[in-house]
Amino acid sequence: MSATSPPAPIQGVRCRRCGRVAVPVQGFGCEQCGASGTDLAETALDGRGRVLAAVVVHEHPQPDVPTPAVIGSVLLDEGPVLRALLAGPVPADGWAGRTVTATAGESAPVVFVAAGDPA
Ligand SMILES: [Zn+2]
């Protein structure tokens, strides 16, 4: 999949009481206000975000993830931060601050690639 493909949606939950969005989907309760049950609605996030930080790992608990691999903390446009694989060539100026889009990962639930040229 290329960086020009539309982002793959990421499943999350949106709190109907306070609007907080969280990933992954869970029914334990809202991270912000504690609402649960029908107050948490599953929602598809658009799969776009910005890398806050990235690190190269040489061992991964999932044996099907080839290493070394880059794991990034990605701030999604809707608010949640999640850790995911960053794939593709390392941008010349590094991953931090790069806009990324989610792809349908083969070896992990979510994989991000750099989205076009830096702004
Ligand atoms: Zn809430």
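This text walks through the fold of one protein chain, from its strands to its core and a few single residues. The model is predicted.

Start with the inventory. The protein chain has eight strands and zero helices. Read from the N terminus, its elements run β-β-β-β-β-β-β-β. These strands are arranged in an open sheet and a barrel.

Take the open sheet first. Three strands make it up, in the order E2-E1-E3, and their pairing is antiparallel. E2 and E3 stand at the edges. Each has a single partner strand, so one side of each is left without a neighbour in the sheet. The pairing of E1 with E3 is antiparallel and rests on six bridges. One point to locate in the model is Gln11, whose bridge partner in E3 is Ala44.

The barrel comes next. Five strands close into it, in the order E4-E5-E6-E8-E7, with mixed pairing. From one strand to the next, the twist averages 50°. Strands of a sheet pair through backbone hydrogen bonds, and they do so either parallel or antiparallel.

Two of the barrel's pairings can be followed residue by residue. E4 covers residues 48-57 and E7 covers residues 99-104; the two pair in the antiparallel sense over three bridges. Arg48 stands opposite Thr101 in E7. Arg50 stands opposite Thr99, also in E7. The register runs in opposite directions along the two strands, in keeping with their antiparallel sense. E7 also pairs with E8, residues 110-114. Here five bridges join the strands, and they again run antiparallel. In this pairing, Ala104 has Val110 of E8 opposite.

Now turn to the interior. Of the 119 residues in the protein chain, 27% count as buried. The largest nonpolar core has 24 residues. Within this core, the residues with the most contacts are Val74, Ala84, Leu86, Val110 and Phe112. The elements giving two or more residues to the core are E1 (10-15), E3 (40-45), E4, E5 (69-76), E6 (81-87), E7 and E8. E6 provides the largest share, five residues.

Which residues does Ala87 touch, leaving aside those up to four places away in sequence? Ala87 lies in E6, and the residues in question are Val111 and Val113. Is Ala87 buried or exposed? Ala87 is buried, because 20 other C-beta atoms lie within 10 Å of its own and a residue needs 20 or more to count as buried. Thr103 is 16 residues away from Ala87 along the chain, and the C-alpha atoms of the two are separated by 9.4 Å.

Contacts across sequence can also be viewed for the chain as a whole. Take the contacts between residues at least 6 apart in sequence. Of these, 50% join residues at least 24 apart.

Two loops deserve a last look, for their peptide bonds. Val23 and Pro24 are joined by a cis peptide bond, with omega about 0°. Pro24 lies in the loop between E2 (21-22) and E3. A cis bond also runs from Thr67 to Pro68, where omega is near 0°. Pro68 is found in the loop between E4 and E5. The Pro24 loop thus links two strands of the open sheet, and the Pro68 loop links two strands of the barrel.

How values were computed. Residues are numbered from 1 along each chain as its sequence is written. This is a predicted model: local features need pLDDT of at least 70, side-chain atom pairs count only at pLDDT 80 or more; totals for chains, interfaces and linings use all residues. Two strands pair if DSSP finds at least two bridges between them. Helices (H or I, at least four residues) and strands (E, at least two) are DSSP runs, numbered from the N terminus. Axes are lines fitted to C-alpha atoms, for helices over the stretch in contact, and angles run from 0 to 180 degrees between N-to-C directions. A residue is buried if 20 or more other C-beta atoms lie within 10 Å of its own, exposed if 12 or fewer, and partly exposed in between; C-beta atoms are placed from the backbone. Two residues are in contact if their C-beta atoms, placed from the backbone, lie within 7 Å. A nonpolar core is a set of buried Ala, Val, Leu, Ile, Met, Phe, Trp, Tyr and Cys residues joined through C-beta atoms within 7 Å.
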